[in-house]
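Reader: I've got a chain open on my screen and I'd like to talk it through. Could you walk me around it, one question at a time?

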Amino acid sequence: MSKKRIFALILIVIMLAAILTNPSKEEHEKIVRAKAEQLLKNQLHAKDQAFFGLGMQLFGNNLVDDFVQNSIVVDNYYLFSLTKIKWQGTEQIIGGGAFKQIWLSPKIDEKADEIIATLKKI
């Protein structure tokens with residue numbers, strides 16, 4: 001076999017593996033939900049951590065669930081998927097996924113700070 005055919009076969013195998021292992025929308029939402037809870041904990045001071053635990057139990061993660069359902073958009077393509085955050089009419093890519101892995105960008109921390117600052121003003 002020629003080098004071109006071997007290269008083409010390897011490329012086809014990689015593409016097939018990417019298609020079969022592309023993370024689902026639910027997996028993206030699970031990762032973003034965990035990150036949102038972590039960011040909420042980081043925004044509270046150490047003395048408020050007990051209130052955070054109590055609030056999460058009382059409200060049943062409604063705040064985080066509403067945020068994920070209303071503000072997170074997952075674009076699933078055949079080979080990969082993108083996680084976007086929709087806030088004030090703009091969308092920004094905050095992560096991507098391929099081969100059963102989901103990577104979140106450091107931009108999610110910046111965007112979270114911006115969202116929390118806006119909510120504090122309200």
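Author: What follows is a run of questions and answers about this model, which is a predicted one.

Reader: Let's start with the sheet. In what order do its 4 strands come?

Author: The sheet is an open one, and its pairing is antiparallel. From one strand to the next, the twist averages 30°. Reading across the strands, the order is β1-β2-β3-β4.

Reader: Which strands stand at the edges?

Author: An edge strand has a single partner strand, so one of its sides is left without a neighbour in the sheet. That description fits β1 (72–76) and β4.

Reader: Over how many bridges do β2 and β3 pair?

Author: Strand β2 covers residues 81–87 and strand β3 covers residues 90–98. One of the pairings puts T83 opposite its bridge partner in β3, G95. The two strands run in the antiparallel sense, and the count is 7 bridges.

Reader: And which residue in the turn of that hairpin has a positive phi?

Author: β2 and β3 form a hairpin with 2 residues between them. In that turn, the residue with a positive phi, about 55°, is Q88.

Reader: What about the hairpin of β3 and β4: which residue takes a positive phi there?

Author: β3 pairs with strand β4 (residues 101–104) in the antiparallel sense, over 4 bridges. A98 has its bridge partner in β4, namely Q101. With 2 residues between the strands, the one that takes a positive phi, near 55°, is F99.

Reader: On to charges. How many salt bridges does the structure hold?

Author: One is K100 with E27, where the closest N and O atoms are 3.7 Å apart. Another is D75 with K84, at 2.9 Å, and K84 also forms one with E91, at 3.9 Å. The structure holds 3.

Reader: How many residues apart are K100 and E27?

Author: K100 sits in the loop between β3 and β4, while E27 is in helix α2, so the pair links distant parts of the chain. K100 counts as partly exposed at 48% relative accessibility, and E27 is partly exposed too, at 29%. Along the chain they are 73 residues apart.

Reader: Which residues are linked in a network of salt bridges?

Author: K84 forms a salt bridge with D75 and also one with E91. K84 has a relative accessible area of 16%, which is under the 20% cut-off, so K84 counts as buried. E91, at 45%, is partly exposed. The network is made up of D75, K84 and E91.

Reader: Is H28 buried or exposed?

Author: H28 is found in helix α2 (residues 25–43). Leaving aside neighbours within four places in sequence, H28 is in contact with P23, V74, S81, T83, G96, G97 and I102. Its relative accessible area is 0%, so H28 is buried.

Reader: And M1, buried or exposed?

Author: M1 is in the segment before α1 (3–20). Beyond its neighbours within four places in sequence, M1 is in contact with I6 and L9. Its relative accessibility is 74%, over the 50% cut-off, so M1 counts as exposed.

Reader: Now helix α4. Within what arc do its buried residues fall?

Author: In α4 (residues 62–71), the buried residues are V64, V68 and S71. They line one face of the helix, because, seen down the axis, they fall within an arc of 105°.

Reader: Which exposed residues does the face turned away from the buried side carry?

Author: The buried side of α4 includes V68, which, neighbours within four places in sequence aside, is in contact with E29, V32 and R33. The face turned away from that buried side carries Q69 and N70.

Reader: Last one: which element supplies the largest share of the largest nonpolar core?

Author: That core has 11 residues: V32, A36, L39, V64, V68, I72, V74, I85, I94, I108 and A112. At least two residues come from each of α2, α4, β1 and α5 (107–121). In soluble globular proteins, nonpolar side chains tend to be buried together. The largest share here, 3 residues, comes from α2.

Methods
Residues are numbered from 1 along each chain as its sequence is written. This is a predicted model: local features need pLDDT of at least 70, side-chain atom pairs count only at pLDDT 80 or more; totals for chains, interfaces and linings use all residues. Side-chain values use heavy atoms; hydrogens and water are left out. Buried means under 20% relative accessible area, exposed over 50%, partly exposed in between (1.4 Å probe, protein chains only). Contact means heavy atoms within 4.5 Å. Two strands pair if DSSP finds at least two bridges between them. A salt bridge is a side-chain nitrogen of Lys or Arg within 4 Å of a carboxyl oxygen of Asp or Glu. Axes are lines fitted to C-alpha atoms, for helices over the stretch in contact, and angles run from 0 to 180 degrees between N-to-C directions. The arc is that of the directions from the helix axis to the C-beta atoms. A nonpolar core is a set of buried Ala, Val, Leu, Ile, Met, Phe, Trp, Tyr and Cys residues joined through side-chain atoms within 4.5 Å.
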